[in-house]
Amino acid sequence: MNKTDLTLYFVTDSTDMDEKNFLEIVNQACEGGVTLVQVREKDKSGFEFLSLAQKVKQITDQYDIPLIINDRVDIAMAIDAAGVHVGQSDIPVYAVRKMLGKNKIIGATVKTVEQAKKAKEAGADYLGVGAIYPTTTKVITAITEVATLNEIAAQTNMPVVAIGGLNASNMHVLYESNACGIAVVSAIMKSENPCDTSKNLKKQILENFRKRQTLH
């Protein structure tokens, strides 16, 4: 199991954005303290995705932050990313593990305990669970109850990251949960000050997760 800090998991979205602005947001998010960056590009060609991922990795390497590639194992291998995140319709976890080897990070999106157990058996390191709220990204999502997230964490004893429409004003629903981190997209991508937003999100998560630990 890779010990990865999943506290503030930043998922990128370059939709309707020029590359310079996109990379500046990534840089500010890293400066603000995000603990993991995932490049997710659903509409780019392989060439475009590879080019962008290389540029993002130059930034994340400067801050010593692990870079995860969504779905594209080939791109992750080409740039020596820290790992890959896959959904239920992507390449299965066992195949990703076979290609990447034992030392890379593999995350899997799950919505049920059954899916979570399969991902764990196949070699996933952490689970992404959501969407907790409706999202403004183009990714089609179905709402997942926090109770389901808790059950998944309890049944698998795996690190679980909550994702889906989360921001500073609504993440309180997770403070009593078993989530070990929160993944955000729009909260940072659409922020006027991504660095400050990242700092505030991380501070809020850490303060409330600590409170939760002292209560248990």
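The following paragraphs lead through selected helices, the nonpolar core, the salt bridges and the backbone of this structure, which is a predicted model.

Helix H1 is a suitable place to begin. Its 14 residues, numbered 19-32, span 20 Å from the first C-alpha to the last, close to the 20 Å expected at 1.5 Å a residue. At the start of H1, aspartate 18 places a side-chain oxygen within 3.1 Å of the backbone nitrogen of lysine 20. After the other end comes glycine 33, whose phi is positive, near 110 degrees. The buried residues of H1 include Phe22, Leu23, Ile25 and Val26, together with Asn27 and Gln28. Ala29, Cys30 and Gly32 are buried as well.

These residues lead to the interior of the model. The largest nonpolar core comprises 69 residues, and those with the most contacts inside it are Tyr9, Phe10, Val34, Ile69 and Leu127. H1 gives the most to this core, contributing 6 residues. Which residues surround leucine 127, once those up to four places away in sequence are set aside? Leucine 127 touches Ala108, Val110, Ala116 and Ala119, and it also touches Ile152, Thr156, Met158, Pro159, Val160 and Val161.

Two of those neighbours, Ala116 and Ala119, belong with Val113 to the buried residues of helix H5. Because the three cover an arc of only 125 degrees around the axis, they lie on the same side of H5. On the other side of H5, the exposed residues are Glu114, Lys118 and Glu121. The buried residues of H5 pack against two helices, H4 (93-100) and H6 (146-156), and two strands, S5 (105-110) and S6 (126-130). The exposed side of H5 carries a charged pair: lysine 118 forms a salt bridge with glutamate 114, with 3.8 Å between the closest N and O atoms. Both residues lie in H5 (residues 113-122), 4 residues apart, or about one turn of the helix. Lysine 118 and glutamate 114 are both exposed. Glycine 123 follows H5 and has a positive phi, near 115 degrees.

Across the whole structure, the search finds 8 salt bridges. One of a different reach in sequence joins glutamate 19 to lysine 55, where the N to O distance is 2.7 Å. This pair links distant parts of the chain, with glutamate 19 in helix H1 and lysine 55 in helix H2 (residues 46-62), 36 residues apart. Glutamate 19 is partly exposed at a relative accessible area of 36%, and lysine 55 is partly exposed at 29%.

Helix H2 also holds a salt bridge between aspartate 61 and lysine 57, whose closest N and O atoms are 3.0 Å apart. Aspartate 61 and lysine 57 are separated by about one helical turn because they are 4 residues apart in H2. Is each partner of this pair buried or partly exposed? Aspartate 61 has a relative accessible area of 45% and is therefore partly exposed. Lysine 57, in contrast, has a relative accessible area of 17% and so counts as buried, the limit for that class being under 20%.

Several loops deserve attention for their backbone geometry. Aspartate 64, in the loop between H2 and strand S3 (67-70), has a phi near 55 degrees, a positive value in a residue other than glycine. With a relative accessibility of 70%, aspartate 64 counts as exposed. Asparagine 157, in the loop between H6 and S7, likewise has a positive phi, of about 55 degrees, although it is not a glycine. Its relative accessible area is 69%, so asparagine 157 is exposed. In the loop between S6 and H6 lies alanine 131. The peptide bond leading from glycine 130 to alanine 131 is cis, with omega near 15 degrees.

A final loop position concerns burial. Leucine 174 is situated between strand S7 (160-163) and strand S8 (181-184), in the loop that joins the two. Why does leucine 174 count as buried? Leucine 174 counts as buried because its relative accessible area is 0%. The C-alpha atom of leucine 174 is separated by 8.1 Å from that of alanine 162, which is 12 residues away along the chain.

Definitions and conventions:
Residues are numbered from 1 along each chain as its sequence is written. This is a predicted model: local features need pLDDT of at least 70, side-chain atom pairs count only at pLDDT 80 or more; totals for chains, interfaces and linings use all residues. Side-chain values use heavy atoms; hydrogens and water are left out. The expected span of a helix is 1.5 Å times one less than its number of residues. Buried means under 20% relative accessible area, exposed over 50%, partly exposed in between (1.4 Å probe, protein chains only). A polar contact is a pair of N or O atoms within 3.5 Å; within protein, one must be able to donate a hydrogen and the other to accept it, and residues adjacent in sequence count only if both atoms are side-chain atoms. A nonpolar core is a set of buried Ala, Val, Leu, Ile, Met, Phe, Trp, Tyr and Cys residues joined through side-chain atoms within 4.5 Å. Contact means heavy atoms within 4.5 Å. A salt bridge is a side-chain nitrogen of Lys or Arg within 4 Å of a carboxyl oxygen of Asp or Glu. The arc is that of the directions from the helix axis to the C-beta atoms.
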